[in-house]
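Biologist: Could you walk me through this model and show me how each label is earned? I would like to see the cut-off next to the value every time.

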Amino acid sequence: MTTQAVKPGNWVEHTMAWDELDFTKITMRISTDRFTSREYAERERELIWSKVWQVAGRVDEQPENGDWKEYRIFDQSYVVVRGNDAKIRGFVNACRHRGNVLCRDKKGHSNGRFTCPYHLWSYGLDGRLVGVARPDLVGPIDKSELGLLEVPVDTFAGFIFLNPDPGAKPLAEFLGKEVLELLAPYKLDEMTPVMDVREPLECNWKVVMDAFSEAYHIVGVHPQLLAVIVPDVVKNRNAWFGDHALACAPFEVKMEAGFGPEDEVKGIMALPATFPGVAEVLPTFEEMVASHRDVNGTLKYPEGVSGRTLLQQATRVTLTRKGLDVSGLSDDQMTDNQGWFLFPNFMMTIRAGEAHVIMSAPHPDGDPNRCIWHVASYMWLPPGPREQYRAGLVEVTEPGSYTYFEALQQDYDQMPRQQLGLRNHTLKYLHLAQEEVNVARFHGVVDRYMEGKEKS
């Protein structure tokens, strides 16, 4: 597939619908041991987590030269630091002398070097060994060979990615040209976190990824969303790019029998209860609707106009007034959430002006029945109020003490229940529904890595 010279939202219309897929070539039967077996989890650690690019933070978390943070996966600790040349690098968090941890906190600022507290060996922000205490006791050494061990770090869309494998292929090659081009017009790197929460969750990390890779569960878990997101074998689209995937579902008020224009407007006006970002668009939307009322107040749209198209126009106008360049986005992207899955653990729903990110990783203790989930919401805000609305990271330690917005809270409550069922030893496999094709494909990529075949 190629994007050609069209806006990403228009291009998505030419991707695959469910009824166009050849399910004879897709494995819909998934083994359950991958969710509960410690042995399987240990193999994942070796074959997946030690070899893949993974999000280690946001670029704007480290605005100044010398700003650093720790990134940890299992018991592996890395330091991500912005150097004096403004370049962001990653290093193994261990002194080359005797292996002592250099940075014991989760984040901080260095005035030019990291100094090991054990024997006071010091390193520049570029990893070079620049000094040792009592050189007369150390003897002759080649400092150029004893710098910090560097790991690949790169950035995309405002996120910092790290790969524990020193020989990893470049991030751009891992993501692929289509992913880079299709996400660029959203200006995700300019968005500000307005929610940022991380906490342990009582389920396998793949249970989280599965839950946000399909819309079938809306029927049972999120019935309130059925008014604006309706699973449809024709309208819902899928695209696959290497290890990664994209799914799109139209964002529109459900038009039942007997519904008319006024019912659609009423449904749109109620959207902020579920999608708060719509609230700032509604005043302009109401003005546009009013322009289509006759002298008696009756709402009559010309051909090609609907409440959905007016909401798209109002969104484009509102975001443009705020200063966001949305010229690279289609009208559908003004309203429709595109669901992006970047292997192995990055799930994002994004539309013009806002994005919601779900990440999950294995629990550091190695228990396959637990994970760490990290959820964040981003909005495009004008430079002035950005810092006012910027949310800091909330680390939740008491289960259930943090209340998420309605749909996310419903998922938070559901996923541990699934893990309880998966722990039954006699349940050997799961059979997926066709709507869950992206879940099936994800596990196909997992299988390939677990077989030692990183490339498709």
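**Labels and the values behind them**

Modeller: Gladly! Let's start with one pair: Y123 stands opposite L129 in β10. Keep in mind that this is a predicted model, where local features need pLDDT of at least 70, side-chain atom pairs count only at pLDDT 80 or more, and totals for chains, interfaces and linings use all residues. Residues are numbered from 1 along each chain as its sequence is written, and side-chain values use heavy atoms, with hydrogens and water left out.

Biologist: What makes β9 and β10 a pair of strands?

Modeller: Strands count as paired if DSSP finds at least two bridges between them. Two bridges join β9 (residues 122–124) to β10, and the two run antiparallel, so the rule is met. As for "strand", the word means a DSSP run of E with at least two residues, while a helix is a run of H or I with at least four; both are numbered from the N terminus. In the protein chain that gives 15 helices and 22 strands.

Biologist: Why are β8 and β10 called edge strands?

Modeller: The open sheet has three strands in the order β8-β9-β10, with antiparallel pairing. Both β8 (113–115) and β10 (129–131) pair on one side only. From one strand to the next the twist averages 35 degrees, using lines fitted to C-alpha atoms as axes and angles that run from 0 to 180 degrees between N-to-C directions.

Biologist: How do you know that E44 and K206 form a salt bridge?

Modeller: The rule asks for a side-chain nitrogen of Lys or Arg within 4 Å of a carboxyl oxygen of Asp or Glu. For E44 and K206 the closest N and O atoms are 2.7 Å apart, so the pair qualifies. E44 lies in helix α3 (residues 38–49) and K206 in helix α7 (residues 205–211), so the contact ties together parts that are 162 residues apart in sequence. E44 and K206 are both buried, meaning under 20% relative accessible area, where over 50% is exposed and in between is partly exposed (1.4 Å probe, protein chains only).

Biologist: What makes E395 and K106 a salt bridge?

Modeller: Their N to O distance is 3.6 Å, which falls inside the limit, so this pair counts. E395 sits in strand β21 (residues 394–395) and K106 in the loop between β6 (88–92) and β7 (107–109), so parts 289 residues apart in sequence are tied together. E395 is called partly exposed because its relative accessibility is 36%, whereas K106 reaches 57% and is therefore exposed. Salt bridges that share partners also join D60, E387 and R390 into one network. By this rule the count comes to 22 salt bridges.

Biologist: Why is there no bond between the sulfur of C203 and the one in C371?

Modeller: A disulfide needs two cysteine sulfur atoms within 2.5 Å. C371 holds the sulfur closest to that of C203, yet it is 4.1 Å away, so it is too far for a bond. The structure holds zero disulfides. C203 counts as buried because its relative accessibility is 0%.

Biologist: How do you know that the radius of gyration agrees with a compact globule?

Modeller: The globule rule is 2.2 Å times the number of residues to the power 0.38, and the radius is taken over C-alpha atoms. With 456 residues that gives a value near 23 Å, and the protein chain has 24 Å, so they agree. Along its principal axes the C-alpha trace spans about 95 × 55 × 45 Å.
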